[in-house]
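Let's take a friendly walk through a protein model together. Have the sequence and the 3D view open, and look up each residue as we come to it.

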Amino acid sequence: MESKVENDITVLFDVDDTIVQTSNVALKKTIIAAEMLGVPIPKKEDFFNVYGRLPFEECVRKLFPGLDLSVYKNIYDSLRSTVPYRPIGQPNDVLRTLIRHRFLIGILTNGPANKTELRLNAAGISDD
């Protein structure tokens with residue numbers, strides 16, 4: 001069976017904070033949501049101790065014990081246009097160059113599909 005690529009190299013990218021800025025976006029949204037809810041803003045250190053390590057719901061429970069998760073989630077998600085994801089550099093240009101040179105490319109994440117789609121769209125990357 002003949003390979004369709006010229007290189008035996010696969011290049012893998014993580015979405016979060018490699019292709020798209022996510023941790024700083026999440027921190028900003030967390031601060032704004034806390035202000036809107038009138039609850040204490042978590043320390044930056046506490047935020048980064050859970051962000052990316054625990055599922056979203058568990059992060060909220062750790063950062064805001066006793067807070068109604070659905071209320072927080074609605075406010076947090078409503079901030080998408082206020083604090084949008086931003087690409088890091090020109091990821092689409094990098095991917096196109098690699099594709100043109102016939103590299104295999106993989107994009108990985110542990111995030112949920114709906115948020116991954118938003119992040120890839122912010123970087124100008126489609127599922128093509």
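This report looks at helix packing, nonpolar cores, salt bridges and a few loop residues. Please keep in mind that the model is predicted.

## Two helices that cross

Start with helix 3 (residues 56-63) and helix 4 (residues 69-78), whose axes come within 11 Å and cross at roughly 110°. How are these two helices arranged? Helix 3 is roughly perpendicular to helix 4, because angles of 65 to 115 degrees fall into that class. On the side of helix 3, the contact is made by F56, E57, V60 and R61, and helix 4 brings L69, Y72, K73 and Y76. Sorted by class, this contact has five nonpolar residues and three charged ones, with no polar residues.

## The nonpolar cores

Next, find the largest nonpolar core, which has 14 residues. The residues with the most contacts inside this core are A33, F47, L63, F64 and Y72. Helix 1 (23-37), helix 2 (44-50), helix 3 and helix 4 each supply at least two residues of the core. Which helix gives the most? That is helix 1, with four residues.

L63 is a good place to zoom in. Leaving aside residues up to four places away in sequence, L63 touches P42, D46, F47 and V50. A second core, separate from the largest one, has twelve residues, and I19, V25, L95 and I125 are among them.

## Salt bridges

Now we turn from nonpolar residues to charged ones. Side chains of opposite charge can pair when their charged atoms come close. In this model the count comes to four salt bridges. Three of the pairs are listed here, with the separation of their closest N and O atoms.

| Salt bridge | N to O separation |
|---|---|
| D16 and R119 | 2.7 Å |
| K73 and D77 | 2.7 Å |
| D93 and R96 | 3.9 Å |

Let's take D16 and R119 as a pair that reaches across the sequence. D16 lies in the loop between strand 1 (10-14) and strand 2 (20-21), while R119 is in helix 6, so their salt bridge ties together parts that are 103 residues apart in sequence. Are the two partners buried or exposed? D16 is buried, with a relative accessible area of 16%. R119 is buried as well, because its relative accessibility is 8% and the cut-off for buried is under 20%. Helix 6 itself covers residues 113-122. Apart from residues up to four places away in sequence, R119 touches V15, D16, V20, T22, Y51 and Y85.

The pair K73 and D77 sits inside one helix. These residues are four apart in helix 4, so about one helical turn separates them. K73 counts as partly exposed, at 29% relative accessibility, whereas D77 is buried at 16%. You may remember K73 from the contact between helix 3 and helix 4.

D93 and R96 also belong to one helix, namely helix 5 (residues 91-100). They are three residues apart, so about one helical turn lies between them. With a relative accessibility of 40%, D93 is partly exposed. Some salt bridges share partners, and in this way K73, D77 and R80 are joined into one network.

## Residues in the loops

Finally, let's visit some loops. G38 is found in the loop between helix 1 and helix 2. This glycine is exposed, with a relative accessible area of 64%. Try locating G38 and L104 in the 3D view: they are 66 residues apart along the chain, and 48 Å separates their C-alpha atoms.

Two other loop residues are worth a look for their backbone angles. Most residues other than glycine have a negative phi. D17, which is not a glycine, has a positive phi near 60°. D17 lies in the loop between strand 1 and strand 2, and at 35% relative accessibility it counts as partly exposed. R102 is not a glycine either, and its phi is positive, at about 65°. Where is R102 placed? It is in the loop between helix 5 and strand 4 (104-108). R102 is partly exposed, with a relative accessible area of 38%.

Terms used: Residues numbered from 1 in each chain as written. Predicted model: local features only at pLDDT ≥ 70, side-chain atom pairs only at ≥ 80, totals over all residues. Heavy atoms only, no water. Contact = heavy atoms within 4.5 Å. Axes fitted to C-alpha atoms, helices over the stretch in contact; angles between N-to-C directions. Parallel < 35°, antiparallel > 145°, perpendicular 65-115°, else oblique. Nonpolar A, V, L, I, M, F, W, Y, C, P; charged D, E, K, R; others polar. Core = buried A, V, L, I, M, F, W, Y, C linked by side-chain atoms within 4.5 Å. Buried < 20%, exposed > 50% of the residue type's maximum accessible area, 1.4 Å probe, protein only. Salt bridge = Lys/Arg side-chain N within 4 Å of Asp/Glu carboxyl O.
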